[in-house]
Amino acid sequence: MHITKFDKGYTRRQFMDKSAKAGLSLGMLTALWPEIARSGDISKVYPEELLSIDAYTKGKIKTGDIVDANNVDIVKDLLDPIAYKQVKEMGRKIRIVKTTTDVTRMFPHKYLEATLSNKGKAKFDAKGNVVIENGDPWIGGNPFPDSKDGLEAFANITLSWGRHDQTLYAIKDWDISPSGSVSYQYDFCWCEQNTTGLLNNPEGPYWQGKKDRNRYQSVWFLTPNDVRGTSFLNEWYYDQTQFPDLFGYLPAFKRERRFPTNQRFEPLVPGVTIFLSDAWAAGDPMLTWGNYKVIETKPHLGAVSENWAGDDPNWEKPAHGGPKDQTFWLSNMELCPEVLVIECEPTGYPRAPVGKKRVYVDTRNMMFIAYLTYDRRGEMWKSFEPAFSLYDTGKNKVMDGDHVHWSWGHFTCHDIQSNRMSRALKAKEIAGGYKSGFNQGDGIHDQYLTIQAIRRLGA
């Protein structure tokens, strides 16, 4: 008989102890980030039962299996409540893949390099903004790779959403009604330009003259015709206590207008369940939210690898589940050995319909893998679930310099109260000839990220 030294009882005791200490001391058998810096591999950090779904479930679910309504109760403790309901009651399926132990496969290469080289240089100033020793803004990578509390963990996500200096996402979105039918289908672009923490800027980590900003972000719709030209622009300040400037261009009025701050909690177009506040689980400046706390550390299933549909000519994939097999993507999920479960409240938005959010953060790369919001009554409202991947299927790949590109591949946003689902994927190309890309040069700001640009895009 093989006796496991570090069994489930051992890991449960360890996670309970970590939760009681607010998520301190990431790693279990040894410290996580010193080992990543040394080898890039986490095999020595966690016991076998946290690195293999086969070991965790004692063979009841194995790598390569499909989790469905018949076996989901075996891994109920590894899913958020809405994901569990989707599988148990709504016909969703999840494919299990091998746990990633090589952490270099979970980052853009330059972003991981910056995280390692800049480790220990970040701190909070008197306001709570992330700065380096001389008080300047952050210089690149995750500022707190071994986060010790909820605010540090959120800083890792908030300061660089896509973990590239620039990104242009060509997105196809389907919005599913409670009956299971596609009620809306949109093609739209989402563009991001960071101005601090830059990794490909020959002049250094700051965009000249923009040190007081954090990012520019825009979204514009291409189809269908009744929303074509609708566009929005967010200008974020580096000071995370300040609300972004939000502008929109509405073709029906042929003019742009400034929107109020609470517009962040409304859909941009009909049928979509996603709000600006939901972006990357950190769609608002982190200091306009508060009462951050790590409520639990635990293993969890997350879609963090093998989720790029690169063998399809346009990176598209079929849907499944729900009343008409149109509601869900088939996500590849792996056992994430250590996840911080963080809660916070919208302290800067007295009229926000959201009462709190709960975010699940993978400690290997400090990226969120699941996100829930609750309404003001404390009732569960929405889930936002991303799926990430290296852009390499074995047959096809996208390169980022000398290394394979890393990014998200698809996501879902499920309003559980109305039972409406938005599911979207990053396509290679959408209507209007727009193509997904990253780090495309200085021209992207003038093309897509000014008031004049969104007016032009809406014309």
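How many bridges join β5 to strand β21, and in which sense do the two run? In this predicted model, six bridges join β5 to β21 (residues 420–426), and the two strands run antiparallel. Within that pairing, Lys172 of β5 stands opposite Leu425 in β21.

Strand β5, which spans residues 166–176, has further partners. With strand β6 (residues 182–194) it pairs in the antiparallel sense over eleven bridges, and here Asp173 stands opposite Tyr186 in β6. The hairpin formed by β5 and β6 has five residues between the strands, and among these features Gly180 takes a positive phi near 95°. Strand β22 (residues 437–438) is also joined to β5, in this case by two bridges and again in an antiparallel arrangement, with Thr167 standing opposite Phe438 in β22.

How much of β5 is buried? Eleven of its eleven residues are buried, and the strand is accordingly described as mostly covered. The burial extends to both faces: on one side lie Gln166, Leu168, Ala170, Lys172, Trp174 and Ile176, and on the other lie Thr167, Tyr169, Ile171, Asp173 and Asp175, all of them buried.

The nonpolar cores give a wider view of the interior. The largest nonpolar core has 107 residues, and Val130, Trp280 and Phe368 are those with the most contacts inside it. Strand β14 (residues 331–345) gives the most to this core, contributing eight residues. Leaving aside residues up to four places away in sequence, Trp280 touches Ile157, Trp161, Gly162, Tyr169, Glu192, Met367, Phe368, Phe388 and Trp408; of these contacts, the one with Tyr169 leads back to β5, where Tyr169 is buried. Apart from the largest core lies another, of 27 residues, which includes Ala170, Trp174, Cys189 and Leu449. Ala170 and Trp174 belong to one side of β5, while Tyr169 belongs to the other.

The cysteines can be considered last. A search of the whole structure finds zero disulfides. Why does Cys191 form no such bond with Cys189? The sulfur of Cys189 is the closest cysteine sulfur to that of Cys191, but the two are 8.3 Å apart, which is too far for a bond, given that a disulfide needs the sulfur atoms within 2.5 Å. Cys191 is itself buried, with a relative accessible area of 0%. Cys336 is likewise in no disulfide, and the nearest cysteine sulfur, which belongs to Cys413, is 20 Å away. Cys336 also counts as buried, because its relative accessibility is 0%.

Definitions and conventions. Residues numbered from 1 in each chain as written. Predicted model: local features only at pLDDT ≥ 70, side-chain atom pairs only at ≥ 80, totals over all residues. Heavy atoms only, no water. Buried < 20%, exposed > 50% of the residue type's maximum accessible area, 1.4 Å probe, protein only. Helix = DSSP H or I, 4+ residues; strand = E, 2+ residues; numbered from the N terminus. Pairing = 2+ DSSP bridges. Core = buried A, V, L, I, M, F, W, Y, C linked by side-chain atoms within 4.5 Å. Contact = heavy atoms within 4.5 Å.
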